[in-house]
Amino acid sequence: MADIFDVIADGTRRDILRLLLDRSSAGDRGTSVSHIVTELGASQPTVSKHLKVLRDAHLVSVREEGQHRYYSLSAAPLDEVDDWLVPFLAGDDDMADATPLALPDSAAHAAEVVGRAAASAKHAFENALKRLPGR
């Protein structure tokens, strides 16, 4: 499997992931290849090539209905990126050398769920702001 950082280094793949995130936030159960092609203004072979890389990295799942394929975001592999970035986002230089606080598994899970919900809410709010007239 390709390194997750190599996978998300490509701008087109990041655009596809963002589109799938936006569509899932809107309640869609999947996004067709033709919709991705239209939204990104890319060719179908280009989108298909990038979707294969994203599938191989387990960042997207695919649901087949007849001859149509619908893609959905599978964000779990991005946890590795999140884990790598967190120390850089601490903000406090004194905290950079501090030993991380060990939480019980249940508290760590709750913190993760709350953090993901907050990030998702922030993303939804930012997208809603972008859609307002005059922005």
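This is a short tour of two helices and a group of aromatic rings in a predicted model.

**Stop 1: helix α2.** Select residues 11–25, which make up helix α2. Its end C-alpha atoms are 21 Å apart, and that agrees with the 21 Å expected for 15 residues at 1.5 Å a residue. Now show the side chains: Arg-13, Ile-16, Leu-17, Leu-19, Leu-20 and Asp-22 are the ones to colour as buried. Next, look at the two ends. At the start of α2, Asp-10 places a side-chain oxygen within 2.9 Å of the backbone nitrogen of Thr-12. After the helix comes Gly-27, with a positive phi near 95°.

**Stop 2: the aromatic rings.** Select Phe-5, Trp-84 and Phe-88, which ring pairs link into a cluster. The whole structure holds two aromatic pairs. In one of them, Phe-5 meets Trp-84 edge-to-face, with 5.6 Å centre to centre and 70° between the planes. This pair joins distant parts of the chain, since Phe-5 sits in helix α1 (residues 4–9) and Trp-84 in helix α5, 79 residues apart. The rings of Trp-84 and Phe-88 have centres 4.8 Å apart and planes at 40°, so this pair is tilted. Both residues belong to helix α5, four residues apart, or about one turn.

**Stop 3: the surface of α5.** Switch on a surface and add Leu-85 and Leu-89: with Trp-84 and Phe-88 they make a nonpolar patch of about 480 Å². How exposed is Phe-88? Its relative accessibility is 59%, so Phe-88 counts as exposed. Trp-84, at 48%, is partly exposed, and so is Leu-85, at 34%.

Technical notes
Residues are numbered from 1 along each chain as its sequence is written. This is a predicted model: local features need pLDDT of at least 70, side-chain atom pairs count only at pLDDT 80 or more; totals for chains, interfaces and linings use all residues. Side-chain values use heavy atoms; hydrogens and water are left out. Helices (H or I, at least four residues) and strands (E, at least two) are DSSP runs, numbered from the N terminus. The expected span of a helix is 1.5 Å times one less than its number of residues. Buried means under 20% relative accessible area, exposed over 50%, partly exposed in between (1.4 Å probe, protein chains only). A polar contact is a pair of N or O atoms within 3.5 Å; within protein, one must be able to donate a hydrogen and the other to accept it, and residues adjacent in sequence count only if both atoms are side-chain atoms. Patches are made of residues with over 30% relative accessible area and no salt bridge: like charges are joined within 9 Å, nonpolar side chains (Val, Leu, Ile, Met, Phe, Trp, Tyr) within 5 Å. Accessible areas come from the Shrake-Rupley method with a 1.4 Å probe; for residues, only the protein chains shown count as cover. A salt bridge is a side-chain nitrogen of Lys or Arg within 4 Å of a carboxyl oxygen of Asp or Glu. Rings of Phe, Tyr and Trp (its six-membered ring) pair if their centres lie within 6.5 Å; planes under 30 degrees apart count as stacked, over 60 as edge-to-face and the rest as tilted.
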